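Reader: Before the terms are discussed, please show the sequence and the structure.

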Amino acid sequence: YPLTVAVLPGREVGLRLYHDRGQIDAATVRRLAGHFTTLLTEVARDPDREPLRIPLLTPAERQALLVPRTMPAAFLPACIHRLFEAQAAQRPDAPALVCVDGFGMRRVIDGEVTYGALNARANRLAHHLSARGVGPDVRVGLCLDPSADLIVAILAILKAGGCYVPVDPEHPADRQAFVLSDCGAGILVTDAALAKRLPATDAAVIRLDADRALFEHLPETNPRTPVEPHHLAYVIYTSGSTGRPKGVLVEHRNVSRLFAATDHWFEFGDRDVWTLFHSFAFDFSVWEIWGALLHGGRLVVLPYLLSRAPLDFHRMLRREGVTVLNQTPSAFGQLIQADAELAAEAPGLSLRTVIFGGEVLDHAALAPWFERHPEDAPRLVNMYGITETTVHVTYRELSD
């Protein structure tokens, strides 16, 4: 037998384990012995406890699983805007984000925004929001098209201590009205054009373009707000596919833990280029925005129409040198077709990692991609999670 357990009777029961070294190594047997010891200890402590409810892991094993040794201490736990501020202090002149238009070309208005400039813009707005009563756990509605202003507003709300509640401009008016009413936001950050289209609300409206004179003169220094990692960072509403949408409350420490726990898999860094492909009302955007800004990378913000134009999107990926791409399987299916059509164009993609989420992945649908690309250049990783568990929970690297 691979493993034999001998029970030695006597005044004190003894156990002796014999194992075939060709099939089970000594470390595994010692681990099994530790699990059995844990089981016997718990049974002795509470004889009426159901055996299936008794954890077998030793305290040391449990800690090792919950907190990987490679987890960056700076990320756990932390307020995500402060992690961004640390990047801005270290590399103020590095590019933080760039906005592109519907054809994938860079927008003249926004251009490229550095970490220092992005931090300064967010700080000015944050001071204004603080004066308007935004503080820890205060919910602020946010309705903006993909732009530099969107990222500025998210940062500003967090810096003021509040949590942002996304209201997607593309969503139906009744859903927008429900989100604003249900979350109880006292302030809505938007722009003049969208303010005219949004449903009536009791929230005080701040239009980033028309009201800019109210805050553009305010200090560019980081606000000192009493926000802690256990305070809310955002409230994202579910699709409502099983009934009425519900707001999921996510804290700063949930987001910082997400990146801390996955760091040893991806090793994201300041050379990575990300895209904000998804709506900021979909929690995949949390992974995209903070994956770039917490690691000193560059975020490419693209409009809704470009995310629905695979050929232009593929060209933009090449032109901007995107290294980390996050996709639902259905969106990547369209990109696979675009990749085949544009195979003759040069230069090639700079992708090092493609991460799937949000939908069930059909592995067979990836065959055309693997026919043209090595399985590790880029790596394809299937992840899954729900809004309530902060974006991702599972991890599986794919091969052909």
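Author: The following exchange concerns aromatic pairs and burial. This is a predicted model, in which local features need pLDDT of at least 70 and side-chain atom pairs count only at pLDDT 80 or more, while totals for chains, interfaces and linings use all residues. Residues are numbered from 1 along each chain as its sequence is written, and side-chain values use heavy atoms, with hydrogens and water left out.

Reader: Why is the pair of Tyr164 and Tyr234 called tilted?

Author: Rings of Phe, Tyr and Trp (for Trp, the six-membered ring) pair if their centres lie within 6.5 Å; planes under 30 degrees apart count as stacked, over 60 as edge-to-face and the rest as tilted. The ring centres of Tyr164 and Tyr234 are 5.8 Å apart and their planes meet at 40°, so the pair is tilted.

Reader: What makes this pair a link between distant parts of the chain?

Author: Tyr164 lies in strand β6 (residues 163–166) and Tyr234 in strand β9 (residues 232–237), 70 residues apart. Strands are DSSP runs (E, at least two residues), numbered from the N terminus.

Reader: What makes the pair of Phe282 and Phe284 edge-to-face?

Author: The angle between their planes is 85°, with 5.9 Å from centre to centre.

Reader: How do you know whether Phe282 and Phe284 are buried or exposed?

Author: Buried means under 20% relative accessible area, exposed over 50%, and partly exposed in between (1.4 Å probe, protein chains only). Phe282 has 29% relative accessibility and therefore counts as partly exposed. Phe284 has a relative accessible area of 2%, so Phe284 is buried.

Conventions
Helices (H or I, at least four residues) and strands (E, at least two) are DSSP runs, numbered from the N terminus.
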